[in-house]
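Please look through the structure shown here and explain how each label attached to it is earned, setting values against definitions.

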Amino acid sequence: MPTSLTATSPMLPFRGDASDSNSIRVQSPDASSTSTLDLTTADAFQDREPTAKRNWPMEPEVGEAASQPEERVKTPELIRFTPDAFKHVVATSANRHKYTRVGAKKRLVFKLLKNESRLIKTIFHSYGFEQASPYSQHFNVLWTGTHLRSHCLRSLAPWQRVNHFPRSYELTRKDKLYENVARASALFGADFDIVPEFCVTPRDIDRFRRMCSTGGSRQPFIVKPVSSSRGRGIFLATRPEEIPLSSVLLISKYISDPYLINGHKFDIRLYVAVTSFNPLVVYLYDEGMTRFAAEKYVVHVKTYDQQHVHLTNYSLNKHSKQYVKNERADAENTGHKWTLSAMLRHMAEEGRDVEVLMMRIEDLIVKTLLSAQSSIAAACRSYVAYEANCFELFGFDILIDNSLKPWLLEVNLSPSLSCDSPLDLALKSRLICDVLTLAGVPIVNPRSGDTSLSPRSASRSAHPPTTSPVIGVRSTKQRRALLLKRQAINSLGRIASAKERTLDDVARDHWKRVEAEEDRCGRFIRIFPRKHTWLVYSPLMEDLGSENYDQRLYENLYGPESENARDATALLVRRQIMDVNTIVCQDEMDPKVQKLLKPVLIECVAYSQRKTVLGGNYPVALPRVRTSARKRTKSLLDLYANPRQADGTISRLVLTNPKELEAEFGPRPVTSALTQLAETETTQSVVRKARQLRLVSGLLVE
Ligand code: ADP
């Protein structure tokens, strides 16, 4: 049982921590009213009237006529997640319902797709969420290991959250990522020199031949399957004959002079959260992981087949006899996995300017995201009806070479959340809590039916959303067609009404949203937009249309830049950021550049400050959540008594609404209603389907 949790970390306290035992903090979505909910009162989780008149900030006002007077709209509160909840969810806790009440009261639901992360499940169960079946559309948060289809994104309600943006594979597939960076490099020049020289076979064979001829015969290449991970299928080669050029592979120049610590090669995993692509809003977590190769680094052709020397993946190195596991969260620089901060402190002791290094890493992250911004923003515009629906946590893998130049290796779609060591658990539990808090999960009952839109907007919608069950349509094909049609009509309504808003309205909403995020970003540091980013990066940004949301957001936050982005200073800043050979520390920067980057460099101090302190506010083990906490549908009786447990589209269509059942059968005893239900053809097919899908068991009442 995790008993060693205490209130706050002595170093940099987490802003969202719970401080007293009977209350937790929740927040209104625009951050203007962070409140403490007293959980001892029964109605603590009733929706509250917001203190000021305002609409749901991220939501297009569907079909709203401009002349309509303002109405008071209930704005759902947002949950502030904290790993503190882990210690209460265990059966022995005296205050077991402290956090579970949050989800239980409003019957919140999470759904996992192609992801079985125990950490994610534990966090949601600790907050009283139930797990939805993979077929259910009634969920508050969907955490998926893959991308969603466009129609699923289009049908999301404003309070639903999904952990991926459409088309983010532009960053997370190795070939796409490298090609996007290469395209940006062709457009904007050497500023995008952030990935090693590369080619993708078989389409770039000519380029590969050129790489071989310029690199010399001893030049090693690292060869990777384009959509694989964890070091699988990676090998080093020095001759073209060693590479199967007909396969789809990413071949890149091997960085043969990595920065070594104690003679070992390492790479760093950084966690980057994006809450919007247009305008781009990026956060970097202030802690990361340093992963070491298990064996000492030797650059010699004879060692090229030794993975534990050249590859730094934990999944490979943990099998080495020489791998030393980190056994204590507070011992951050022992074994073959360190924290980012421990690594930076070590480098600082070696006399390196780690603030400049982190400033360059932030620059690399921003440029990587800019290289794919236009295509992801276009996909968001087409498929995502509500801007707050999507958020994403990327895992950036970065290698630092001997001249302290950071190189981007890859961007992970679903960074590993396994907690094999106390260090992993301490870092990742807080990370996921912070990212969910940042995404802003509203406390809305996913089955209450009236919540897909705020009351005001729903009632005045030009295309009122059609959410009633599809009753009376027999064939599955017909039902599906009807549902898709309804979804399309609903999203058309939202998109049409979004267009009715002026650009200023939309830009104001972006601004309000970013300001609200600032208050709930926990240990995330916003690296874009930030003071002077418009000056430095606007010449490297593609034209996303006349809306100019990036510029509008920047100017709303910081006011117009006093200098011009094409001025000598802006150019000099960009040049000195990239010039690792001449500029190795802050003092070597031009005074103008130093002045401009000062706020960034000050913020970069945080990356080496973080320390995991023994007895600090982090869990020492994942609590075992009783499986009964996952309330699954058991019988048709349960379905009737508690219709929200009926998972899956089919059962939802027919069985989820007790009022409809009552209207059809009257308020009679459940069993007789069910007997009658079972006689209808629709119900029988539902029962069959539900059994096939294993959604329910023991469904028929004898
Ligand atoms: P995967 O997705 O399979 O983990 P990566 O691109 O992260 O693939 O590469 C795996 C490991 O190989 C990295 O952790 C790093 O140690 C090493 N590596 C990858 N690319 C290079 C490179 N260009 N130069 C040197 N080492 C590299």
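Q: Are lysine 98 and aspartate 84 buried or exposed, and what makes a residue count as one or the other?
A: Lysine 98 is buried, and aspartate 84 is buried as well, where buried stands for under 20% relative accessible area, exposed for over 50%, and partly exposed for what lies in between, with a 1.4 Å probe and protein chains only. This is a predicted model, in which local features need pLDDT of at least 70 and side-chain atom pairs count only at pLDDT 80 or more, while totals for chains, interfaces and linings use all residues. Residues are numbered from 1 along each chain as its sequence is written, and side-chain values use heavy atoms, with hydrogens and water left out.

Q: Why is the pair of lysine 98 and aspartate 84 called a salt bridge?
A: A salt bridge requires a side-chain nitrogen of Lys or Arg within 4 Å of a carboxyl oxygen of Asp or Glu, and the side chains of lysine 98 and aspartate 84 meet at 3.8 Å, N to O, so the pair satisfies that definition. Lysine 98 belongs to helix α2 (residues 97–106) and aspartate 84 to the loop between β3 (78–79) and α1 (86–89), so this salt bridge ties together parts that are 14 residues apart in sequence. Helices (H or I, at least four residues) and strands (E, at least two) are DSSP runs, numbered from the N terminus.

Q: How do you know that arginine 291 forms a salt bridge with aspartate 267?
A: The closest N and O atoms of arginine 291 and aspartate 267 are 3.0 Å apart, which is within the cut-off for a salt bridge. The pair links distant parts of the chain, with arginine 291 in strand β15 (residues 289–292) and aspartate 267 in strand β13 (residues 264–277), 24 residues apart. Both arginine 291 and aspartate 267 are buried.

Q: What joins glutamate 332 to arginine 345, and why does glutamate 332 count as buried?
A: The side chains of glutamate 332 and arginine 345 meet in a salt bridge at 3.8 Å, N to O. Glutamate 332 lies in the loop between α9 and β16 and arginine 345 in helix α10 (residues 340–349), so the pair ties together parts 13 residues apart in sequence. Glutamate 332 counts as buried because its relative accessibility is 5%.

Q: Why does lysine 318 count as partly exposed?
A: Lysine 318, found in the loop between α9 (314–317) and β16 (337–339), has 39% relative accessibility and therefore counts as partly exposed.
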